[in-house]
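Let's take a stroll through a protein chain and see how its pieces pack together. Have a look at the picture first, then read on.

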Amino acid sequence: MNNEFTLRPLCTKDIFTLVKIISKFGVKEIKNSLKANSFKNMAGKERYRSAGIAVAFEIFEIAAQKLPECEKEICAFLGSLSGKTAEEIEKQSPVVTVRMIKAVAEKDEFADFFTEISKLFGAEKTE
């Protein structure tokens, strides 16, 4: 159990924040990367979550290169999820921030969101 922070469940408003952050990473670059990788091997309803997580981590890999461009938005997003201010996120230990990002990526609704995104890019085929 985590004593450093608590995250609220993701909601529809968060989708818009995520899309705004992702757009700064380069949608075309993400789309090309998703098409180049073999998420189709994960096809099947029982593997949607795995594909969603794989897509999320693919985006995080691309994002790592462009994090400085998204610092304010990421801090604000993490703050909104944790009940902290963006300034509190900026001043907290980097280890806590990385744990928060990991906790967000592991949320079921986060994986579900990226599963749906992967379907949009043709990474998943419905049965």
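In this report, two residues are in contact when heavy atoms of theirs lie within 4.5 Å. Keep in mind that what you're looking at is a predicted model.

With that in hand, try one residue. What does M100 touch, once you leave aside its neighbours within four places in sequence? The list is F5, L7, L78, S82, I89 and Q92. We'll bump into M100 again further down.

**The overall layout**

How many helices and strands are there in the chain? Seven helices and zero strands. Reading along the sequence, you simply get α-α-α-α-α-α-α. The chain has 127 residues, and 40% of them count as buried. Now take the contacts in the chain with a separation of 6 or more: 75% of them come from residues 24 or more positions apart.

**Two helices side by side: α1 and α4**

Helix α1 covers residues 12-25, and helix α4 covers residues 67-82. Their axes come within 10 Å and cross at roughly 160°. An angle over 145 degrees counts as roughly antiparallel, so α1 and α4 are roughly antiparallel to each other. Their crossing is left-handed. Who makes the contact? On the α1 side you'll find D14, T17, L18, K20, I21, K24 and F25, while α4 brings in E69, C70, E73, I74, F77, S80 and L81. Sorted by character, the residues of this α1 and α4 contact are seven nonpolar, two polar and five charged.

**A crosswise pair: α4 and α6**

Helix α4 also packs against α6, at an angle of about 70° and with the axes 11 Å apart. Angles from 65 to 115 degrees count as roughly perpendicular, which makes α4 roughly perpendicular to α6. Here α4 uses F77, L78, L81 and S82, and α6 answers with T97, M100, I101 and V104. This contact of α4 with α6 holds six nonpolar residues, two polar ones and no charged ones.

**The nonpolar core**

In soluble globular proteins, nonpolar side chains tend to be buried together. In this chain, the largest nonpolar core has 22 residues. Which residues have the most contacts inside it? They are F77, M100, V104 and F110. The elements giving two or more residues to this core are α1, α4, α5 (86-91), α6 (94-106) and α7 (108-120). Helix α4 gives the most, with six residues.

**Three buried residues up close**

Now for a few single residues. D14 lies in helix α1, S82 is found in helix α4, and A111 lies in helix α7. Are they buried or exposed? Buried means under 20% relative accessible area. D14 has 3%, so D14 is buried. S82, at 17%, is buried too. A111 sits at 0% relative accessibility and therefore counts as buried.

Each of these residues can also be paired with a partner from elsewhere in the sequence. The table gives the separation along the chain, and then the distance between the C-alpha atoms.

| Pair | Apart in sequence | C-alpha to C-alpha |
|---|---|---|
| D14 and S80 | 66 residues | 9.1 Å |
| A111 and F57 | 54 residues | 10.0 Å |
| S82 and F5 | 77 residues | 6.5 Å |

What else do they touch? Again leaving aside neighbours within four places in sequence, D14 is in contact with R8, P9, F77, S80 and L81. Among these, F77, S80 and L81 also appear on the α4 side of the contact between α1 and α4. With neighbours left aside in the same way, S82 is in contact with T6, L7, I89 and M100. And there's M100 once more: its own list includes S82, L7 and I89.

Definitions and conventions:
Residues are numbered from 1 along each chain as its sequence is written. This is a predicted model: local features need pLDDT of at least 70, side-chain atom pairs count only at pLDDT 80 or more; totals for chains, interfaces and linings use all residues. Side-chain values use heavy atoms; hydrogens and water are left out. Axes are lines fitted to C-alpha atoms, for helices over the stretch in contact, and angles run from 0 to 180 degrees between N-to-C directions. Helices (H or I, at least four residues) and strands (E, at least two) are DSSP runs, numbered from the N terminus. Angles under 35 degrees count as roughly parallel, over 145 as roughly antiparallel, 65 to 115 as roughly perpendicular and the rest as oblique. A crossing is left-handed if the near helix is turned anticlockwise from the far one by less than a right angle, and right-handed if clockwise. Ala, Val, Leu, Ile, Met, Phe, Trp, Tyr, Cys and Pro count as nonpolar, Asp, Glu, Lys and Arg as charged, and the others, Gly among them, as polar. A nonpolar core is a set of buried Ala, Val, Leu, Ile, Met, Phe, Trp, Tyr and Cys residues joined through side-chain atoms within 4.5 Å. Buried means under 20% relative accessible area, exposed over 50%, partly exposed in between (1.4 Å probe, protein chains only).
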